[in-house]
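Trainee: I am new to this structure and should like to understand the terms used for it. May I ask how each one is justified?

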Amino acid sequence: MQALSNIPIQRVNAANSMAHFLNHLSHLHFPKMLFITNESSTPPAFKSAAQRYRFGCLSAVSLAEGSPEIVKRYDITEFPTLIGFSPSGSSYSVSKLSPPQTTNPSDASFDDVTAFNNVLEFYESIAVP
């Protein structure tokens, strides 16, 4: 069996890969976290949170542009969004994470301390202690 510390953040981009993610290592009864973003890459705040909670939660990222089925299925209208799934994958909760508001849109970034703390808080509510 693959060590949990070596499991990378998975990429989910379609309904079939979503089903695989929800069933992946299901015998361990770990909750799962899906980060949906409209950016072209995974923000460091999510990567860091996924690493911090790697022993209590399985993580995946979905790029909204390549995952319209997932965006529609979970009624995602704002990005980035985190979805936390129960260990069975049958229930979930959603946290909409907004970049900080600034007067200059080019200054808005999801990779700031506030965003990181919001991600950690949501992980804390979902992950196995």
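Mentor: Please begin. In this predicted model, strand 2, helix 2 (residues 44-52) and strand 3 make a right-handed β-α-β unit.

Trainee: What makes the β-α-β unit right-handed?

Mentor: A crossover is right-handed if, with the strands pointing away from the viewer, the path from the first strand over the helix to the second runs clockwise. The unit of strand 2, helix 2 and strand 3 is right-handed, so its path runs clockwise in that view.

Trainee: How do you know that strand 2 and strand 3 pair?

Mentor: Pairing requires at least two bridges. Strand 2 (residues 32-37) and strand 3 are joined by 6 bridges and run parallel, so they count as paired. Within strand 3, Ser59 is the bridge partner of Met33.

Trainee: Why is strand 3 called mostly covered?

Mentor: A residue is buried when its relative accessible area is under 20%. In strand 3 (residues 58-63), 6 of its 6 residues are buried, so each falls under that cut-off. Leu58, Ala60 and Ser62 point one way, while Ser59, Val61 and Leu63 point the other way.

Trainee: What makes strand 1 and strand 5 edge strands?

Mentor: The open sheet has 5 strands in the order 1-3-2-4-5, with mixed pairing. Strand 1 and strand 5 (92-96) each pair on one side only. Strand 1 (residues 10-11) pairs with strand 3 in the parallel sense over 2 bridges, and Gln10 has Ala60 as its bridge partner in strand 3. Strand 4 (residues 81-85) and strand 5 run antiparallel, joined by 5 bridges.

Terms used:
Residues are numbered from 1 along each chain as its sequence is written. This is a predicted model: local features need pLDDT of at least 70, side-chain atom pairs count only at pLDDT 80 or more; totals for chains, interfaces and linings use all residues. Side-chain values use heavy atoms; hydrogens and water are left out. Buried means under 20% relative accessible area, exposed over 50%, partly exposed in between (1.4 Å probe, protein chains only). Helices (H or I, at least four residues) and strands (E, at least two) are DSSP runs, numbered from the N terminus.
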